[in-house]
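Trainee: Got a minute to go through this one with me? I'd like to start with the core and then wander a bit.

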Amino acid sequence: MAEGPQAVYSNPAGLSRLQGQTGAIMHAAWFQGLSLEWVGYGAQIGRSSGASAALTFLRSDALTRYDIFGEPEGEFRVYDAALSVGYGQRFVKRIHLGLTVKGVHQSVDDVSANGVAADFGASCVVKQYLDLYDRLLSS
C-alpha cells in the first residue's frame with residue numbers, strides 16, 4: 001500500500017494514513033538522457049485523513065529529428081510536467097478512499113498540450129498486515 005506523500009501518485013487512499021508532516025524527493029536517470037524528477041509534501045489532517053501535493057518533471061536530452069527519408073533534420077526535446085494535489089480519508093474502520101487532481105503539461109518538439117486528470121483510489125484493510133487496494137479510476 002502506498003503511504004506517505006508518494007500515495008498522491010500511486011493510490012491517494014494511502015494519504016489517509018499520513019502521520020504528521022513528511023516530504024519526499026526522487027530522481028531517476030534512464031537511457032538516452034531521459035530523467036524523472038519528483039518532489040512531494042504530505043500532512044496529516046485530523047485523525048483519519050491526509051493531503052499531499054507533488055510536482056513531477058519528465059524530460060529528455062536533445063533527440064535527433066529525421067525527415068521522411070531518414071535523413072537527420074535537427075534536434076528536439078520532450079518535456080512533461082504535472083502538479084498533483086490529493087486527499088485521502090478513512091471511512092468506517094477499514095475502508096480508505098482518496099482522490100488526486102492534477103494539471104499536466106506536455107511538450108514534444110514544437111507541439112505542446114495541457115490537461116487536467118483525476119485519480120480515485122481505494123484501500124480495504126483485511127487483516128493488520130494485509131491490504132487490498134487498487135486504483136479504480138484514472139482519466
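**Core, pocket and loops**

Mentor: Sure. The largest nonpolar core has eight residues: Ala2, Ala7, Val8, Leu15, Leu18, Ala24, Trp38 and Ala54. Keep in mind that this is a predicted model.

Trainee: What does Trp38 touch, leaving aside its neighbours within four places in sequence?

Mentor: Trp38 is in contact with Pro5, Gln6, Val8, Tyr9, Ala24, Ile25, Met26, Ala54, Leu55 and Thr56, once those sequence neighbours are set aside. Val8, Ala24 and Ala54 also belong to the largest nonpolar core, together with Trp38.

Trainee: Any general background on cores like that?

Mentor: In soluble globular proteins, nonpolar side chains tend to be buried together.

Trainee: And how much of the chain counts as buried?

Mentor: That would be 35% of the 139 residues.

Trainee: Zooming out, how many helices and strands are there in the chain?

Mentor: One helix and nine strands. Along the sequence the pattern reads α-β-β-β-β-β-β-β-β-β, so to speak the helix and then the strands. As for contacts between residues at least 6 apart in sequence, 42% of them join residues at least 24 apart.

Trainee: Changing topic: what volume does the largest pocket have?

Mentor: About 380 Å³. Its lining has 17 residues, and Tyr9, Leu36, Trp38, Thr56 and Ala82 lie nearest the centre. Trp38 therefore turns up twice, since it is listed in the largest nonpolar core as well.

Trainee: Which strands supply at least two residues each of that lining?

Mentor: β1 (21-29), β2 (35-45), β3 (49-59), β6 (78-91) and β7 (95-108). The largest share is from β6, with four residues.

Trainee: How does the lining of the largest pocket split by class?

Mentor: There are 11 nonpolar, four polar and two charged residues.

Trainee: OK, on to backbone oddities. Which residue in the loop between β6 and β7 should I look at?

Mentor: Val92 is in that loop. Val92 has a positive phi of about 55°, although it is not a glycine.

Trainee: Is Val92 buried or exposed?

Mentor: Val92 counts as exposed, because its relative accessibility is 73% and the cut-off for exposed is over 50%.

Trainee: What about Asp109, where is that?

Mentor: Asp109 is in the loop between β7 and β8 (111-127). Asp109 is not a glycine either, but has a positive phi of about 60°. With a relative accessible area of 32%, Asp109 is partly exposed.

Trainee: Which residues does Asp109 touch, not counting those up to four places away in sequence?

Mentor: Arg65, Phe76 and Arg77. With Arg65 there is a polar contact between the two side chains, at 2.6 Å. Asp109 and Arg77 are 32 residues apart in sequence, yet 5.4 Å apart in space, C-alpha to C-alpha.

Trainee: Last one: Lys102. Buried or exposed?

Mentor: Lys102 counts as buried, because its relative accessibility is 15% and buried means under 20%. Lys102 is in strand β7.

Trainee: And what does the side chain of Lys102 make a polar contact with?

Mentor: The side chain of Asp119, at 2.7 Å. Not counting residues up to four places away in sequence, Lys102 touches Leu83, Ser84, Gly115, Val116, Ala117 and Asp119.

How values were computed:
Residues are numbered from 1 along each chain as its sequence is written. This is a predicted model: local features need pLDDT of at least 70, side-chain atom pairs count only at pLDDT 80 or more; totals for chains, interfaces and linings use all residues. Side-chain values use heavy atoms; hydrogens and water are left out. On a 1 Å grid over the protein atoms alone, a cavity is a set of points where a 1.4 Å probe fits but cannot get out, and a pocket is an open set with protein on both sides within 12 Å along at least five of seven lines; lining residues have an atom within 4 Å of a point. Grid points are joined across faces, edges and corners, and a volume is the space filled by probe spheres set on the points. Ala, Val, Leu, Ile, Met, Phe, Trp, Tyr, Cys and Pro count as nonpolar, Asp, Glu, Lys and Arg as charged, and the others, Gly among them, as polar. Buried means under 20% relative accessible area, exposed over 50%, partly exposed in between (1.4 Å probe, protein chains only). A polar contact is a pair of N or O atoms within 3.5 Å; within protein, one must be able to donate a hydrogen and the other to accept it, and residues adjacent in sequence count only if both atoms are side-chain atoms. Contact means heavy atoms within 4.5 Å. A nonpolar core is a set of buried Ala, Val, Leu, Ile, Met, Phe, Trp, Tyr and Cys residues joined through side-chain atoms within 4.5 Å.
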